[in-house]
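Here's a quick tour of domains, pockets and one helix pair. Have the viewer open while you read.

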Amino acid sequence: MSQNKKIGLITSGGDSPGMNACVRAVVRAAKINEIDVCGYYRGFDGVLDNDFIDLDVTSVAQIIQRGGTILKTARCSRFFEKEYRTLAFENLKQNNIDALVVIGGDGSFTGAKILTQEHGLPMIGIPGTIDNDLFGTDFTIGYDTAINTVVEAVDKIRDTAMSHGRVFVVEVMGRDAGFIALRSGIAVGAEAILVPETKTYIEHLLERIGKRRASKGSAIVIVSEGDDFGNADKVVEAIKERYENLDVKLTRLGHIQRGGNPSAMDRVLASFLGAGAIDAFLENKFGIMIGMQNKKVVHVPLEKAIKHHQDIDENLLKLAEMLSI
Ligand code: ATP
């Protein structure tokens, strides 16, 4: 039997482009350091069902460019129950796992943290979510690809919006966070960007639409699904109510935002963070999230990453407002 140290690796919660690049980095950095890696399928579900694969250098070849996650992912309701977490711990111990590396969002980190608290199994988190809502890292894996996907789609919508002088309300992902909406909205030159973090003044938006209408211009309104005024349906309703004859269309980009080949930025970020997790393991640093701040890999105490909310960038908000006149 191998005397090597061994880590368990899962991708958990919503999938995000770049998770595969991160799996590859974890496995390769581990192997160079003679650490074995056991990949569990479907997040915590795989741990509970002993559904795993021993990963080696070749099993992660040709995946850096692929979206989704070869380990698959899941939201595991059983993991909320203590008895199942005990089962997870027993399975991991049986498999000689020394630590669990979790690529996911704050929910996945919370689950793993509770496992540590209850059973002492060390864990390390890597931020993999398109939402970019985790405190302690400038960017999360998948965010850059997601906003590029939005930009590509909205550029196409803009062509037809302009030709017909239409208003398009485009709903993007973000139930609690407006990071996708804000950055992509600036990049496409949206006439308005509605995010959950700030109050939406619908009158202000309607006036702006009225001006566009008077000049026969088109307009793009980017709406986070969790905006305080309501989702894109509500916004369309309000515009139609005010301007009866205006041609207003709704596009909900939906899950397209989760898919696709990861951008170069995401691949590189994922590679740094994956390798950073193995460095942390070698230094016996656990209960942390590996993040990237000002181009440096950092260790963020899990408490902070989970409890603190990443604030929306005020400068970006101001920029968006100033340029969307
Ligand atoms: P995303 O940001 O993409 O939604 P996430 O990791 O935050 O990713 P969640 O659905 O919140 O996604 O959590 C993923 C899984 O983590 C849950 O399905 C559950 O198995 C586990 N989990 C989350 N919160 C807890 C908790 N409080 N106790 C135990 N397990 C949890």
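What follows goes from the domains to the pockets and then to a helix contact.

## Two domains

Keep in mind that this is a predicted model. The protein chain splits into domain 1, made of 6-142 + 262-307, and domain 2, covering 144-258. Measure between their C-alpha centres and you get 34 Å. Where they touch, 14 residues of domain 1 are in contact with eleven residues of domain 2.

## The largest pocket

So where does the largest pocket sit relative to the domains? Domain 1 and domain 2 both give residues to its lining, so the pocket lies between them. Its volume comes out at about 880 Å³.

There are 37 lining residues, and the ones nearest the centre of this pocket are Gly13, Gly14, Arg75, Asp106 and Gly107. Two elements, H4 and helix H10 (302-307), give two or more residues to the lining. H4 has the largest share, with six residues. Sorted by class, the lining of the largest pocket holds twelve nonpolar, 16 polar and nine charged residues.

## The second largest pocket

The second largest pocket encloses about 370 Å³ of space. Its lining has 17 residues, with Ile193, Leu194, Thr198, His204 and Glu321 nearest the centre.

Which elements supply at least two residues each to this lining? They are strand E7 (192-194), helix H7 (202-214) and helix H11 (314-323). As for chemistry, the lining of the second largest pocket breaks down into nine nonpolar, four polar and four charged residues.

## H3 against H4

Back to H4, the helix with the largest share of the largest pocket's lining. Helix H4 (residues 106-119) also packs against helix H3 (residues 82-94), at an angle of about 80° and with the axes 10 Å apart. An angle of 65 to 115 degrees counts as roughly perpendicular, and H3 and H4 are therefore roughly perpendicular to each other.

On the H3 side, the contact is made by Lys82, Arg85, Thr86, Ala88, Phe89 and Leu92. H4 answers with Ile114, Leu115, Glu118 and His119. Taken together, the residues of this H3 and H4 contact are five nonpolar, two polar and three charged.

Note on methods. Residues numbered from 1 in each chain as written. Predicted model: local features only at pLDDT ≥ 70, side-chain atom pairs only at ≥ 80, totals over all residues. Heavy atoms only, no water. Axes fitted to C-alpha atoms, helices over the stretch in contact; angles between N-to-C directions. Helix = DSSP H or I, 4+ residues; strand = E, 2+ residues; numbered from the N terminus. Parallel < 35°, antiparallel > 145°, perpendicular 65-115°, else oblique. Contact = heavy atoms within 4.5 Å. Nonpolar A, V, L, I, M, F, W, Y, C, P; charged D, E, K, R; others polar. 1 Å grid on protein atoms, 1.4 Å probe; cavity = no way out; pocket = protein on both sides within 12 Å on 5 of 7 lines; lining within 4 Å. Points joined across faces, edges and corners; volume = space filled by probe spheres on them. Domains from an automatic or database assignment.
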